[in-house]
Amino acid sequence: MAAVGAYYALDHKHRDQARLFLRVGVVAGLVSSVLVAFPTGDRQAKLVAEYQPIGLAAMEGRFEGGGAAALNMIGQPNVPLRRLDNPIRIPGALSFLAYGQFHSNVRGLDDFPVATWPDNIELLYYAFHVMAGLGTLFILLLTMAAVVDVRGRLDRNRPLLWMLMLAFPFPYIATTAGWMTTELARQPWLIYGVMRTADGTSPSVAAGTVLFTLIGFSGLYLVLGLLFLFLIVREIDRGPMSRG
Ligand code: HEM
């Protein structure tokens with residue numbers, strides 16, 4: 001909604017609605033993104049630390065365990081060498097996020113047998129960081145927008161309007177990355193700690209059949225996705241209509 005308001009404001013059309021869309025979108029977005037980080041994201045992290053400590057270690061690219069665990073903001077997990085390359089860290093922050101204390105011990109991947117590690121540590125690490133990174137970006141961007149709006153100048157602040165407009169795909173990306181984080185972190189288990197994903201295949205369904213169904217669903221979702229985009233863009237282009 002904020003992005004649509006920003007688009008109208010940048011294009012100098014539907015001025016009243018643009019201001020309304022910006023105000024409602026920015027306030028709702030700011031409240032939601034703060035809630036997503038705290039208490040919900042924070043609570044999820046504590047639950048993952050309790051029930052899936054291997055998943056947490058992989059999300060953070062943490063190979064060695066120990067106390068006062070740092071939160072890795074940036075870096076590339078190097079699984080063969082079991083280390084995080086080029087890290088930028090906040091000391092103690094992972095211990096705090098996981099257990100509420102800056103000195104708590106957070107186990108690393110090396111504390112667990114390799115057979116129980118998630119299969120795709122790199123993708124899991126990046127999915128988690130994209131989600132949490134975008135969450136942080138939403139808070140920063142929407143706080144800035146809210147401050148400018150309180151001063152009554154948001155619909156004339158073109159750099160901020162451009163940022164709000166171009167940020168429109170990010171919530172979709174963050175949601176998908178969050179889902180990927182959950183799904184990748186529970187691997188290699190289908191039922192956590194009980195049944196492995198590899199043992200969950202059905203002997204009576206051929207691989208070709210599964211592939212065929214997958215292609216069918218992908219095609220269906222592609223069509224639905226394109227239709228969604230087409231309809232949304234058409235409605236935005238038509239703009240708000242005055243009621244009769
Ligand atoms: C700084 C902010 C954030 C933190 C600390 C955070 C933390 C987490 C954690 C720890 C998980 C659980 C992963 C697991 O169960 O293995 C999770 C899942 C998820 N997150 Fe975030 N998150 C943040 C921001 C966001 C944002 C901005 C979005 C979307 C707009 C988002 C969407 C999701 C979704 C959809 C899931 C999957 C839930 C499920 O399927 O159970 N997160 N998040």
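Helices here are DSSP runs of H or I of at least four residues, numbered from the N terminus. The model is predicted.

Begin with the ligand. Select the 22 residues that surround the ligand; the closest are Gly-41, Gln-44, Gly-135, Ala-174 and Gly-178. Next, colour helix 2 (15–51), helix 5 (121–150) and helix 7 (170–185), each of which supplies at least two residues of the shell around the ligand. Helix 7 gives the most, with eight residues. Colouring the shell by class shows twelve nonpolar and ten polar residues, with no charged residues.

From the shell, follow helix 5 along its length. Its 30 residues reach 43 Å from the first C-alpha to the last, close to the 44 Å expected at 1.5 Å a residue. Just after helix 5, select Gly-152, which takes a positive phi of about 80 degrees.

Turn then to helix 8 (residues 207–238). Its 32 residues should span 46 Å at 1.5 Å a residue, and the end C-alpha atoms are indeed 46 Å apart. None of these 32 residues is buried, so helix 8 lies largely in the open. Gly-239 follows helix 8 and has a positive phi, near 80 degrees.

Finish at the hairpin. Select strand 1 (residues 71–78) and strand 2 (residues 83–90), which pair in the antiparallel sense over six bridges. Within this pairing, Ile-74 of strand 1 stands opposite Ile-88 in strand 2. Four residues lie between the strands of this hairpin, where Arg-82 takes a positive phi near 50 degrees.

Terms used. Residues numbered from 1 in each chain as written. Predicted model: local features only at pLDDT ≥ 70, side-chain atom pairs only at ≥ 80, totals over all residues. Near = placed C-beta within 6 Å. Nonpolar A, V, L, I, M, F, W, Y, C, P; charged D, E, K, R; others polar. Expected span 1.5 Å × (residues − 1). Buried ≥ 20, exposed ≤ 12 C-beta atoms within 10 Å, placed from the backbone. Pairing = 2+ DSSP bridges.
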